[in-house]
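User: I would like to learn how to read a few features of a protein model. Could you take me through one, step by step?

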Amino acid sequence: MSKIKFSNVLTIASLCALFLAPFVTYFFSEATLSQQITPYITMKDAIQSLIILLLSVIVILKIFLDSIQNFLRWSSVYSEVEHSYFYSADKSVTIRSSYLFLNGRNNDLATLPKENLLWHETISSKAIFYRLFYRGYLQDRVIHSAPPQIYASNVEREGEFLSWEPRVKPPLRKKERIGFMVEIYTPNTEAKAFTSGGTTLGFGVHHRTKSVQVTAYAPFGYKFVLVDPIISLRDAESLDEVPINRSKLAFPEISPDSSVLTYRVKKPKEGFRYWVHYRFEEHSIDN
């Protein structure tokens, strides 16, 4: 059985205290509740005040523990990563990936973790764009990278990697947080998605990350269909398949009209690549 974090226990306890406060007095007799503890406070008032006080202490304690954990954190972390896939019927795709990055105790961190994506077809565009939507302490900070690298995967017929390395200027200070987005457009690279065998979408985890969410939008007139094995786990670089118990992995969700696929993973494993297997099928659009 997986361990339950102490902070989660505090959250559960505080919620219990919140919901029990109005009902706990039903467990006492009216005579007991009407007893005067002071000239102005009855037993009923004292019990409810004690529960509310307990709730407040638990909430404050949780905030305090979270602050201490953040203060003691040495290494950097992606607190949240979101990948959005926008597909077109001409077999093109636009990917917008947003990252919330928290520096650890590194001084003057100028280079962020290297990232990459895998395409199953030859990539015809090297365009990659950055948006820095949260600049940290400095309003004049910028983000850029060296020219992205395109290289073949080690597995025959698995496609090509597009790799990039974000750089920030001025460098990040200790415990500084920034938010940035990477946008990539590749035309005519998703042909397999329109075949019966289908293809994959997903993400690689190259640095410690708290949570990742993928939201994919099918082309107009098409819908998502999941293909067995639905979920697979690969080594992030070699692409070797990793044996998994799929019942313990998060499962993708499909919208009621099958046009949007959502896949969220909390605490994904570093050094692995998560894949969702799917294909597109034609789908009538209600007017």
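User: Let's start with bridges between strands. Which residue is the bridge partner of W119 in strand 10?

Analyst: Happy to help, and please keep in mind that this is a predicted model. To read a bridge, pick a residue in one strand and look for its partner in the other. Here W119 is bridged to E160 of strand 10. W119 ends strand 6, which covers 115-119. Strand 6 and strand 10 (residues 160-164) are antiparallel and are joined by 5 bridges.

User: What is the strand order of the sheet that these two belong to?

Analyst: The order is 6-10-9, in an open sheet of 3 strands with antiparallel pairing. Strand 6 and strand 9 (149-152) are the edge strands, each with pairing on one side only. On average, neighbouring strands of this sheet are turned by 25 degrees against each other, if direction is ignored.

User: And how does that sheet fit into the chain? How many helices and strands does the protein chain have?

Analyst: The protein chain has 3 helices and 18 strands. It comprises 287 residues, and 43% of them count as buried. For contacts with a separation of 6 or more, 77% come from residues 24 or more positions apart.

User: Now to empty space inside the model. How many cavities of 30 Å³ or more are there?

Analyst: The general idea first: rolling a probe the size of a water molecule over the atoms shows where empty space is left. In this model, the count is 2 cavities of 30 Å³ or more. The largest cavity has a volume of about 170 Å³. It is lined by 15 residues, and the closest to its centre are Y85, L118, T200, L201 and G202.

User: Which elements give two or more residues to that lining?

Analyst: They are strand 3 (77-87), strand 6, strand 13 (199-204) and strand 18 (272-282). Strand 13 gives the most, with 5 residues. By class, the lining of the largest cavity has 9 nonpolar, 4 polar and 2 charged residues.

User: What about the second largest cavity: what is its volume?

Analyst: The second largest cavity comes to about 110 Å³. Of its 16 lining residues, V81, H83, Y99, E115 and G204 are the closest to the centre. At least two lining residues each come from strand 3, strand 4 (93-102), strand 6 and strand 13. The classes here are 8 nonpolar, 7 polar and 1 charged.

User: Let's finish with the backbone. Which residues does a cis peptide bond join?

Analyst: As background, most residues other than glycine have a negative phi, and most peptide bonds are trans. In this model, a cis peptide bond joins D228 and P229, with omega about 10 degrees, and P229 is part of strand 15 (residues 222-235). The bond from K169 to P170 is also cis, with omega near -5 degrees. P170 sits in strand 11 (residues 166-172).

User: And phi? Where is K91 placed, and what is its phi?

Analyst: K91 is in the loop between strand 3 and strand 4. Its phi is positive, about 70 degrees, although K91 is not a glycine. K91 counts as partly exposed because its relative accessibility is 32%, which falls between the cut-offs of 20% for buried and 50% for exposed. K175 has a positive phi too, near 65 degrees, and lies in the loop between strand 11 and strand 12 (177-186).

Definitions and conventions
Residues are numbered from 1 along each chain as its sequence is written. This is a predicted model: local features need pLDDT of at least 70, side-chain atom pairs count only at pLDDT 80 or more; totals for chains, interfaces and linings use all residues. Side-chain values use heavy atoms; hydrogens and water are left out. Two strands pair if DSSP finds at least two bridges between them. Helices (H or I, at least four residues) and strands (E, at least two) are DSSP runs, numbered from the N terminus. Axes are lines fitted to C-alpha atoms, for helices over the stretch in contact, and angles run from 0 to 180 degrees between N-to-C directions. On a 1 Å grid over the protein atoms alone, a cavity is a set of points where a 1.4 Å probe fits but cannot get out, and a pocket is an open set with protein on both sides within 12 Å along at least five of seven lines; lining residues have an atom within 4 Å of a point. Grid points are joined across faces, edges and corners, and a volume is the space filled by probe spheres set on the points. Ala, Val, Leu, Ile, Met, Phe, Trp, Tyr, Cys and Pro count as nonpolar, Asp, Glu, Lys and Arg as charged, and the others, Gly among them, as polar. Buried means under 20% relative accessible area, exposed over 50%, partly exposed in between (1.4 Å probe, protein chains only). Contact means heavy atoms within 4.5 Å.
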